[in-house]
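Colleague: I would like a close look at one part of this model. Please keep it plain and give the cut-offs as you go.

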Amino acid sequence: MLRAHARIARRLQADLLARHGLAPGSYDVLTNLGEAPGGRLRMNDLADRVLLSRSGLTRLVDRMERAGLVVRQSCPSDARGLYAVLTAAGRDRLDEATPTYRRGVRDYLLSHLDEPDLRALGHLLDRLTDDEVPARA
């Protein structure tokens with residue numbers, strides 16, 4: 001599993017970096033913000049959705065803010081809370097990069113599976129991402 005994940009992730013990373021100057025973590029942030037109402041999420045909520053620690057997300061959003069892809073906005077109901085907000089440039093980069101990402105997933109993963117495999121993979125991924133799945137000891 002680790003070998004397959006690493007191989008697919010390396011290829012996706014190479015494609016996103018070469019074609020769009022985006023690391024997978026940045027693409028993940030843009031995707032989550034792009035799917036959120038108003039293109040914004042509280043930093044804590046965004047941290048729960050991406051595959052980064054809170055401190056790692058803070059550093060990434062700092063870099064993305066310098067690149068003009070996101071901005072931070074204060075939360076009116078909580079002086080300590082911050083939103084990460086997708087900018088127009090961030091939306092454009094996401095729109096440009098999404099076909100590359102999808103093509104990579106298709107080429108590096110889905111094209112190697114037949115229809116029964118795809119159904120089984122979908123079922124397994126649903127089970128593994130279900131919040132109700134108990135942890136094993």
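How many residues does helix H2 have, and how far does H2 reach from its first C-alpha to its last?

Modeller: First, the ground rules. This is a predicted model, in which local features need pLDDT of at least 70 and side-chain atom pairs count only at pLDDT 80 or more, while totals for chains, interfaces and linings use all residues. Residues are numbered from 1 along each chain as its sequence is written, and side-chain values use heavy atoms, with hydrogens and water left out.

Helix H2 covers residues 24–35, which makes 12 residues, and reaches 16 Å from its first C-alpha to its last. That is close to the 16 Å expected at 1.5 Å a residue, the expected span being 1.5 Å times one less than the number of residues. Helices here are DSSP runs of H or I with at least four residues, strands are runs of E with at least two, and both are numbered from the N terminus. The chain has six helices and three strands, in the order α-α-β-α-α-β-β-α-α from the N terminus on.

Just before H2, Ala 23 lies in the loop that joins helix H1 (2–20) to H2. Ala 23 has a relative accessible area of 32%, so this residue is partly exposed (buried is under 20%, exposed over 50%, partly exposed in between, with a 1.4 Å probe and protein chains only). Its C-alpha is 9.1 Å from that of Leu 12, 11 residues away along the chain.

Within H2, the buried residues are Ser 26, Tyr 27, Val 29, Leu 30, Thr 31, Asn 32 and Leu 33. For the chain of 137 residues, the buried share is 28%.

Tyr 27 deserves a separate word. Its relative accessibility is 7%, which is why Tyr 27 counts as buried. Tyr 27 also belongs to the one aromatic pair in the structure, a term for rings of Phe, Tyr and Trp (its six-membered ring) with centres within 6.5 Å. The partner is Tyr 101: the ring centres are 4.7 Å apart and the planes meet at 25°, so the pair is stacked (planes under 30 degrees apart; over 60 is edge-to-face and the rest tilted). The pair links distant parts of the chain, since Tyr 101 sits in helix H5 (residues 88–108), 74 residues from Tyr 27. Unlike buried Tyr 27, Tyr 101 is partly exposed, because its relative accessible area is 31%.
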